Amino acid sequence: MFLSVLFPSILALFALYKNKITNSGIILSWLLGIIICCLGGYTAFLALTIVFILTILSDKIKSTRDDKTRNIMQIISNVLTASICIVLFYFTSNNIFYIMYYCVIAGSLSDTLASSIGTLSKSKPINIFTLKKLKIGESGGVSLLGLFISLVGGMVMGSIYLIAQFNLMNFIIISVMGFLGSVFDSVIGTLFEAKYKCLKCHKKTNNKIHCMKKTKLIKGYSFIDNNMVNLLSNIFVFLISYFILK
Ligand SMILES: [Zn+2]
């Protein structure tokens, strides 16, 4: 119990030191970290820690984001579904939810890695549906490198799972779910994510404000931002992995 509070506290202090998450975001991730560590065990928390550290590292690669500080909505959209899996696992003692936890965070990790390292690809990303080339960093695009990295992200989480329970079939399921979560994220991003245009500098942006002025919605739905896309992608992985594992 003591260590289950200590480890998330160290991670929260690290986040505070790195200044990459707003204060409310840090408090929420600290609480969710304690829940995952207490109810899911150290390996589950290790998986979360790896996602967290790789996310911070990959933010350094990604230069296209306007705002690199993560807020409470980003924490909710990325960690809530995974936390629910651990709570369900604890109260039902059903191992399916434990495996689903790794599937869900594999999806988050794969998407994070694909949208940062994937943008390093020399070839421009393409829109999954129209196969037209997109600008680097524009969401909804896929590159071969991004797809490959998505699979690697899934395999990293699958490998952590193997530490807790050695089961190769579940390793494969987690790896594939990470990959699918990332692809689903791109699909939803392409179809529904809100895109805006700055009326002053005419740049396309994901933000409602640009150049200190309100931007104009040119594509998608205003309530579907990147956080909503991530949340929907997590829910997608949650449901698909449940039907595969049950
Ligand atoms: Zn502008």
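How many C-beta neighbours lie inside 10 Å of C211, and does C211 thereby count as buried, partly exposed or exposed? In this predicted model, C211 has 13 such neighbours inside 10 Å and counts as partly exposed, because a residue is classed as buried only with 20 or more other C-beta atoms within that distance and as exposed with 12 or fewer. The residue lies in the loop between β5 (209–210) and β6 (213–214), where C211 takes a positive phi of about 50° although it is not a glycine.

A positive phi in a residue that is not a glycine is also found at H202, with a value of about 65°. H202 is placed in the loop between β3 and β4, and with 9 other C-beta atoms within 10 Å it is exposed. The strands that flank this loop, β3 (residues 195–197) and β4, run antiparallel and are joined by 2 bridges, and Y196 has T205 as its bridge partner in β4. Both strands belong to an open sheet of 3 strands, ordered β4-β3-β7 with antiparallel pairing. Because β4 (204–205) and β7 (216–219) each have a single partner strand, they stand at the edges, and one side of each is left without a neighbour in the sheet.

Among the helices, α2 (residues 23–40) comprises 18 residues, which at 1.5 Å a residue should span 26 Å, and the separation of 25 Å between its end C-alpha atoms agrees with this expectation. The buried residues of α2 are I26, L28, S29, W30, L32, G33, I36, C37 and G40, and what covers them includes α1 (2–18), α3 (42–61), α4 (72–92) and α5. C37, which lies in this helix, has 25 C-beta neighbours inside 10 Å and therefore counts as buried. Leaving aside neighbours within four places in sequence, C37 is in contact with S4, F7, P8, Y42 and F45. The C-alpha atoms of C37 and V5 are 7.7 Å apart in space, although the two residues are 32 residues apart in sequence. Just after α2, G41 takes a positive phi of about 95°.

Helix α7 (residues 168–192) was examined in the same terms: its 25 residues should span 36 Å at 1.5 Å a residue, and its end C-alpha atoms are 36 Å apart, which agrees. This helix is mostly covered, with 18 of its 25 residues buried.

The packing of α5 (residues 95–116) against α6 (residues 144–164) is described by an angle of about 145° and a distance of 8 Å between the axes, and the crossing of the two helices is right-handed. On the α5 side the contact is made by Y102, I105, A106, L109, S110, L113 and A114, and on the α6 side by G146, I149, S150, G153, G154, V156, M157, G158 and Y161. By class, the residues of this contact are 10 nonpolar and 6 polar, with no charged residues.

Beyond α5, T119 lies in the loop that leads from this helix to β1 (126–127). Despite its place in a loop, T119 is buried, with 21 other C-beta atoms within 10 Å. The C-alpha atoms of T119 and I96 are separated by 34 Å, the two residues being 23 residues apart along the chain.

Definitions and conventions:
Residues numbered from 1 in each chain as written. Predicted model: local features only at pLDDT ≥ 70, side-chain atom pairs only at ≥ 80, totals over all residues. Axes fitted to C-alpha atoms, helices over the stretch in contact; angles between N-to-C directions. Helix = DSSP H or I, 4+ residues; strand = E, 2+ residues; numbered from the N terminus. Left-handed = near helix turned anticlockwise from the far one by under 90°. Contact = placed C-beta atoms within 7 Å. Nonpolar A, V, L, I, M, F, W, Y, C, P; charged D, E, K, R; others polar. Expected span 1.5 Å × (residues − 1). Pairing = 2+ DSSP bridges.
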